[in-house]
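Work through the exercises below with the sequence and the model open. Try each task before you read its solution.

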Amino acid sequence: MDAFNRLKENLAAYDKVAVAYSGGVDSSFLMAVAVEVLGVENVLGIYVENELNPRRDRFDAYVLAEMMGWQVKVADVALMEDDDVVANDVNRCYFCKRKTFAAAKACAEEEGYDVLLDGTNVDDLSDHRPGFKALKELGVKSPLKEVGLTKDLVRRLSKKQYDLPTWNKPSNSCLATRIPYDTPLTKEALRLVEEGEGYLHELGYLTCRLRLHGNVARVEIPVADFQKFMLNHREDVAAYFKELGITYTALDVVGFRSGSGNEGLDQ
């Protein structure tokens with residue numbers, strides 16, 4: 001039996017489920033499969049509002065849920081009031097996930113859903129993800145990981161089986177991942193990152209990261225976009241970032257890669 005059918009069999013074991021829904025590739029696919037298997041009335045998406053989620057991602061999540069006719073509830077959590085999250089040490093993801101998924105679980109249970117699923121896939125296991133410990137502690141289940149689905153396969157199935165608009169959506173992560181570990185998070189730093197990346201998106205760089213190192217913005221874009229950036233947008237980006245309050249702009253010569261903030265942890 002292939003991974004997709006194993007996933008359906010996995011979900012069919014439940015009467016109803018809640019899904020930690022972000023509007024990203026994985027959670028949207030999981031919502032679509034769960035709705036197919038269990039029926040829309042037995043699947044509840046839980047979107048956790050917090051200060052570390054880019055506003056554009058919230059909007060996309062709401063629009064997709066409305067378009068697909070999915071049930072979605074919103075839970076609020078104030079992460080910037082948590083000293084462990086704000087401290088931003090190497091285990092920040094644990095404290096963040098612990099608080100956000102506790103809020104999602106409480107919301108699900110209040111609505112009568114005892115099972116909470118998340119969209120972790122097999123590829124996620126290759127990076128530094130202390131948040132997995134929090135999911136285990138809270139009893140959150142990760143069916144995509146359990147049946148061996150990779151990110152690439154999730155994308156292909158999203159397109160082939162459900163024609164989801166998220167099938168080719170660039171991977172994203174919370175705004176805190178743009179700030180180096182042990183640099184305390186501030187609302188101002190998160191604002192700079194969000195507005196700076198928003199500007200890069202407007203210019204057509206949908207796959208990008210703005211890593212903020214004090215008064216330096218380290219821009220990650222695919223190497224294939226370097227020439228376009230240097231010829232057409234280098235000066236505009238630097239000028240816009242200065243207006244935001246960022247003194248220096250640097251283009252990372254290695255190019256875009258997810259999780260670059262974790263580079264060097266093994267050292």
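**Exercise 1. Place H201 and list what surrounds it.**

Step 1. H201 sits in helix α9. Helices here are DSSP runs of H or I with at least four residues, strands are runs of E with at least two, and both are numbered from the N terminus. The model is predicted: local features need pLDDT of at least 70, side-chain atom pairs count only at pLDDT 80 or more, and totals for chains, interfaces and linings use all residues. Residues are numbered from 1 along each chain as its sequence is written, and side-chain values use heavy atoms, with hydrogens and water left out.

Step 2. Check burial. The relative accessible area of H201 is 19%, so H201 is buried. The cut-offs are under 20% for buried and over 50% for exposed, with partly exposed in between (1.4 Å probe, protein chains only).

Step 3. Find its contacts (heavy atoms within 4.5 Å). Not counting residues up to four places away in sequence, H201 touches R56, L206 and C208.

Step 4. Look at R56 again. Its side chain and that of H201 are joined by a polar contact of 3.2 Å. Such a contact is a pair of N or O atoms within 3.5 Å; within protein, one must be able to donate a hydrogen and the other to accept it, and residues adjacent in sequence count only if both atoms are side-chain atoms.

**Exercise 2. Is L206 buried or exposed, and what does L206 touch?**

Step 1. L206 lies in the loop between α9 and β5 (209–213).

Step 2. Its relative accessible area is 53%, so L206 is exposed.

Step 3. Leave aside neighbours within four places in sequence. L206 is then in contact with P170 and H201.

Step 4. Compare sequence with space. L206 and P222 are 16 residues apart in sequence, and their C-alpha atoms are 9.9 Å apart.

**Exercise 3. Describe the second largest pocket and its lining.**

Step 1. Start with volume: about 360 Å³. Among the 19 lining residues, R56, D57, D60, K169 and P170 are the closest to the centre of this pocket. On a 1 Å grid over the protein atoms alone, a pocket is an open set of points with protein on both sides within 12 Å along at least five of seven lines; lining residues have an atom within 4 Å of a point. Grid points are joined across faces, edges and corners, and the volume is the space filled by probe spheres set on the points.

Step 2. Name the helices. α3 (55–68) and α9 (187–202) each supply at least two residues of the lining. α3 gives the most, with six residues.

Step 3. Sort the lining by type. There are seven nonpolar, five polar and seven charged residues. Ala, Val, Leu, Ile, Met, Phe, Trp, Tyr, Cys and Pro count as nonpolar, Asp, Glu, Lys and Arg as charged, and the others, Gly among them, as polar.

**Exercise 4. Compare the span of α8 with the expected span, then find what covers this helix.**

Step 1. Helix α8 (residues 151–162) has 12 residues. The expected span is 1.5 Å times one less than the number of residues.

Step 2. That gives 16 Å for α8, and the end C-alpha atoms are 16 Å apart, so the two agree.

Step 3. List the buried residues of α8: K151, V154, R155, L157, S158 and Y162.

Step 4. Their cover includes α1 (3–12), α2 (25–38) and α7 (143–146).

Step 5. Look just past the helix. D163 takes a positive phi of about 50°.

**Exercise 5. Describe the surroundings of S27.**

Step 1. S27 is in helix α2.

Step 2. A relative accessible area of 5% means that S27 is buried.

Step 3. Not counting residues up to four places away in sequence, S27 touches V19, A20, Y21 and S22.

Step 4. The S27 side chain also reaches the backbone nitrogen of G23, at 3.4 Å.

**Exercise 6. Which of N88 and D182 is buried, and which is exposed?**

Step 1. N88 is in the loop between α4 (83–87) and α5 (92–110). D182 is in the loop between α8 and α9.

Step 2. Read phi. N88 has a positive phi near 60°. D182 has a positive phi near 70°.

Step 3. Read the accessible areas. N88 has 0%, so N88 is buried. D182 has 57%, so D182 is exposed.

Methods:
On a 1 Å grid over the protein atoms alone, a cavity is a set of points where a 1.4 Å probe fits but cannot get out, and a pocket is an open set with protein on both sides within 12 Å along at least five of seven lines; lining residues have an atom within 4 Å of a point.
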